[in-house]
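Trainee: I would like a close look at one part of this model, the aromatic rings and how they pair. Please take me through them slowly, and then place them beside the rest of the chain.

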Amino acid sequence: MTKQLTIALTKGRIEKDAVALLEKAGFDLSFMADKGRNLIFESPDKKFRFLLVKAPDVTTYVRHGVADLGVVGKDVLLEHPTGYLEMLDLNFGLCKFSVASTPAYRPNDHKRKRIATKYPTVARDFFNQKGEDVEIISIQGSVEIAPVIGLADAIVDIVETGNTLVANGLEVFEDICRISARLIVNKASLKNKPEVLDLIHKIETVVGDKEVPFQ
Ligand code: PRP
């Protein structure tokens, strides 16, 4: 008997791109078209169930095994790196992690820098790898104002179009890594449900293979 697969999708843009990718892979997801405020969807044939959740919670659902698979940005995986297997780069949701600040920032001076970020693990790992001791200041959003008002010397944040940086008088000083949406899987599901591997193979055939470089 076919086992039902539960897939946690990051609500918003990633969810829409993920649904489009699955449709391209031959799955009829028209039952998700009229979403309203629903957060859980079951396919009429009961083969799939989709959960629409916040990005960091995708890793939590997959880690606990209540979702077999998840679609979430690499930014979130770098902050929450354990308890799942990363299977595929889906090549959408493209952006990058960068260090940015006002033009007055001097990345090479010897002062101990304060770095504001929503991604403390990413920021700490990046500066550790450079052998640079920095103070990480965790904030929840609107990070771009931190260097402008003197909370921090620079920020580590996501850059997509770069418009938010420009609008706040900031510029990129260093790129850290490329970010894209990834398919993650629960380890036990991968072992015990053959449907998981079938689905991964089907998705793999329709994922664009173009590696988009840093802008
Ligand atoms: C992200 C990021 C930047 C912005 C970058 O924020 O933290 O602020 O998008 O996009 P851009 O380069 O296209 O301007 P998000 O929209 O997630 O909002 P938040 O800061 O409230 O978390």
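**Aromatic pairs and their surroundings**

Mentor: Let us begin with Phe48, which has a relative accessibility of 12% and therefore counts as buried, the cut-off for that word being under 20%. Please keep in mind throughout that this is a predicted model. Phe27 has a relative accessible area of 16%, so by that cut-off Phe27 is buried as well.

These two residues belong together, and to describe them properly we need two quantities, since a pair of aromatic rings is described by the distance of the centres and the angle of the planes. The structure holds six aromatic pairs. In the one formed by Phe27 and Phe48, the ring centres are 5.2 Å apart and the planes stand at 85°, so the pair is edge-to-face, a term that applies to planes over 60 degrees apart. Phe27 sits in the loop between helix H1 (13-24) and strand S2 (40-42), whereas Phe48 belongs to strand S3 (residues 48-53), so their pairing ties together parts of the chain that are 21 residues apart in sequence. Nor do these two rings stand by themselves, for ring pairs link Phe27, Phe31, Phe48 and Phe50 into a cluster.

Tyr105 and Phe173 form another edge-to-face pair, with 5.0 Å from centre to centre and 85° between the planes. Tyr105 is in the loop between strand S6 (95-101) and strand S7 (114-117), and Phe173 is in strand S10 (residues 171-179), so this pair ties together parts that are 68 residues apart in sequence. The two partners can also be compared by accessibility: Tyr105, at 7%, counts as buried, while Phe173, with a relative accessible area of 26%, is partly exposed.

Turning from rings to a helix, we find that Glu195, Val196, Leu199, Ile200, Ile203 and Val206 are buried in helix H8 (residues 194-206). They cover an arc of only 135° around the axis, which puts them on the same side of H8. On the other side of H8, Pro194 and Thr205 are exposed. The general background is that an α-helix has 3.6 residues a turn, so residues three or four places apart point the same way.

The ligand has a setting of its own. A polar side-chain atom of Glu144 lies 2.7 Å from a ligand oxygen atom, and a side-chain N or O atom of Asp157 is likewise 2.7 Å from an oxygen atom of the ligand. Glu160 takes part through its backbone, where a polar atom is 2.8 Å from a ligand oxygen. Taken alone, the ligand exposes 500 Å², of which the protein buries 62%. Strand S9 (154-159) and helix H6 (163-167) are the elements that give two or more residues to the shell around the ligand, and S9 gives the most, with three. By class, that shell has two nonpolar, six polar and four charged residues, including Lys118, Ile158 and Thr164.

As for the whole chain, there are eight helices and 11 strands, and the C-alpha trace spans about 65 × 30 × 30 Å along its principal axes. Buried residues make up 47% of the 215 residues, and Phe27, Phe48 and Tyr105 are among the buried ones.

Definitions and conventions. Residues numbered from 1 in each chain as written. Predicted model: local features only at pLDDT ≥ 70, side-chain atom pairs only at ≥ 80, totals over all residues. Heavy atoms only, no water. Near = heavy atom within 4 Å. Polar contact = N/O pair within 3.5 Å; in protein donor to acceptor, adjacent residues only side chain to side chain. Areas by Shrake-Rupley, 256 points an atom, 1.4 Å probe, with all protein chains shown as cover. Helix = DSSP H or I, 4+ residues; strand = E, 2+ residues; numbered from the N terminus. Nonpolar A, V, L, I, M, F, W, Y, C, P; charged D, E, K, R; others polar. Phe/Tyr/Trp six-rings, centres within 6.5 Å; stacked < 30°, edge-to-face > 60°. Buried < 20%, exposed > 50% of the residue type's maximum accessible area, 1.4 Å probe, protein only. Arc of directions from axis to C-beta.
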